[in-house]
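Visitor: I would like a close look at a single part of this model, described carefully and with its surroundings. Please take one region and then follow the connections outward from there.

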Amino acid sequence: MRKRALLLTLGLAVTAGLAATTQAGATAAAGNVLTTGGPGGTAVAVGDVLNATLPAGTQARIATTSGGSTGITCNTSAFTATVTGNPAAPGTATESATAHTLSSCTTNIIGATGVQSITVNNLPFATAVVSGGALTVTAGATGPIQTTLKINTILGVTTCVYRATSLTATPSNTDNSLTFTNQQFTKFSGPGTCPANGFFSAKYGPVRDTSQAGSPAVFVN
């Protein structure tokens, strides 16, 4: 009887130890919201700079209707953001989006003959990345999310200004990417020849921590 009780006690102790080890391992695997080296890897440091461009063979699009084929297509685009907060997961990491560029653009908008420039105004923007969720971009202290398009037409250059309340992207740890799909901008100023809306779609990746040696890819936990 005493031997059986002793074995039961030892069994409970081993079980408790394994449970504690498993729980500790799960906690360690969770890591911080943003990591490099893999999910639950090395925490991205506050102040690190993240950068991403369009994957080879992809384009950024600004369509005049959601999912439409008329609008502007850009072969080159990139963004840069600085990490301002990276708590333990689950949680919300924060970033300051300091640059967003679009170039090598063409258009099939009726009456337009080309795209002179696309400028993202009022940077930096505030960015939040939620564990297991989306990345959200909102206006910063300098003003609303705004983009200025200068479009060449047969009558000269037309300037169209668009604004958005917020933008949402979907992170993926499969290829360390961020995907924006049909994010709506509304015309703030410009002549009647400027489309009423612009719907932005683009995939950026891999997102890399360019402050670290080798610019490792960034994971969202």
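Which residues line the largest pocket?

Guide: In this predicted model, the lining of the largest pocket is made up of Ile-109, Ile-110, Gly-111, Ala-112, Ile-151, Thr-153, Ile-154, Leu-155, Thr-158, Cys-160 and Thr-193. Two strands, β10 (145-153) and β11 (156-164), are the elements that give two or more residues to this lining. The space in the pocket comes to about 200 Å³, and its lining, sorted by class, holds seven nonpolar and four polar residues but no charged ones.

One of the lining residues, Cys-160, leads directly to a covalent link, since a disulfide joins Cys-160 to Cys-194 with an S to S distance of 2.0 Å. Because Cys-160 lies in strand β11 while Cys-194 lies in the loop between β13 and β14, the bond ties together parts that are 34 residues apart in sequence. The torsion about this S-S bond is about -80 degrees, so the disulfide is left-handed. Both ends are shielded: Cys-160 has a relative accessibility of 1% and therefore counts as buried, and Cys-194, with a relative accessible area of 4%, is buried as well.

The structure holds two disulfides, and the other one is formed by Cys-74 and Cys-105, whose sulfur atoms are 2.1 Å apart. Here the torsion about the S-S bond is about 105 degrees, so this disulfide is right-handed. It links distant parts of the chain, with Cys-74 in strand β5 and Cys-105 in strand β6 (residues 92-107), 31 residues apart. Cys-74 counts as buried at 0% relative accessibility, and Cys-105 is buried with a relative accessible area of 15%. When the bonded cysteines are counted along the chain, the disulfides follow the pattern 1-2, 3-4.

From the pocket one can turn to the enclosed spaces, for a search of the whole structure finds three cavities of 30 Å³ or more. The largest cavity has a volume of about 340 Å³ and is lined by 26 residues, of which His-100, Val-137, Leu-167, Phe-180 and Phe-200 lie nearest its centre. At least two residues of that lining come from each of β5, β6, β8 (125-130), β9 (135-138), β10, β13 and β14, and β6 gives the most, with five residues. By class, the lining of the largest cavity divides into 20 nonpolar residues, five polar and one charged.

Two of the residues nearest the centre of the largest cavity, Phe-180 and Phe-200, also form an aromatic pair that is tilted, with 5.8 Å from centre to centre and 55 degrees between the planes. This pair links distant parts of the chain, Phe-180 being in strand β13 (residues 177-189) and Phe-200 in strand β14, 20 residues apart. Phe-180 has 9% relative accessibility and so counts as buried, and Phe-200 counts as buried at 6%.

The structure holds three aromatic pairs, and in another of them the ring centres of Phe-79 and Tyr-204 are 5.5 Å apart with their planes at 80 degrees, so that pair is edge-to-face. Phe-79 belongs to strand β5 (residues 71-85) and Tyr-204 to strand β14 (residues 197-204), so far along the chain from one another that 125 residues separate them. Phe-79 and Tyr-204 are both buried. Ring pairs link Phe-79, Phe-180, Phe-200 and Tyr-204 into a cluster. A contact of another kind involves Phe-188, over whose ring the charged end of Arg-163 sits, 3.6 Å from the ring centre.

The second largest cavity has a volume of about 130 Å³. Its lining consists of 15 residues, with Leu-34, Leu-178, Val-207, Val-218 and Val-220 lying nearest the centre, and β12 (166-172), β13 and β16 (218-220) each supply at least two of the lining residues. In terms of class, this lining has ten nonpolar, four polar and one charged residues.

Lastly, as a contrast to the buried residues described above, Ala-56 is exposed, with a relative accessible area of 80%. Ala-56 is placed in the loop between β3 (49-53) and β4 (60-63), and its C-alpha atom is separated by 9.5 Å from that of Gly-205, which is 149 residues away along the chain.

Key:
Residues are numbered from 1 along each chain as its sequence is written. This is a predicted model: local features need pLDDT of at least 70, side-chain atom pairs count only at pLDDT 80 or more; totals for chains, interfaces and linings use all residues. Side-chain values use heavy atoms; hydrogens and water are left out. On a 1 Å grid over the protein atoms alone, a cavity is a set of points where a 1.4 Å probe fits but cannot get out, and a pocket is an open set with protein on both sides within 12 Å along at least five of seven lines; lining residues have an atom within 4 Å of a point. Grid points are joined across faces, edges and corners, and a volume is the space filled by probe spheres set on the points. Helices (H or I, at least four residues) and strands (E, at least two) are DSSP runs, numbered from the N terminus. Ala, Val, Leu, Ile, Met, Phe, Trp, Tyr, Cys and Pro count as nonpolar, Asp, Glu, Lys and Arg as charged, and the others, Gly among them, as polar. Rings of Phe, Tyr and Trp (its six-membered ring) pair if their centres lie within 6.5 Å; planes under 30 degrees apart count as stacked, over 60 as edge-to-face and the rest as tilted. Buried means under 20% relative accessible area, exposed over 50%, partly exposed in between (1.4 Å probe, protein chains only). A charge sits over a ring if NZ of Lys or CZ of Arg is within 6 Å of the ring centre and within 35 degrees of the ring normal. A disulfide is a pair of cysteine sulfur atoms within 2.5 Å.
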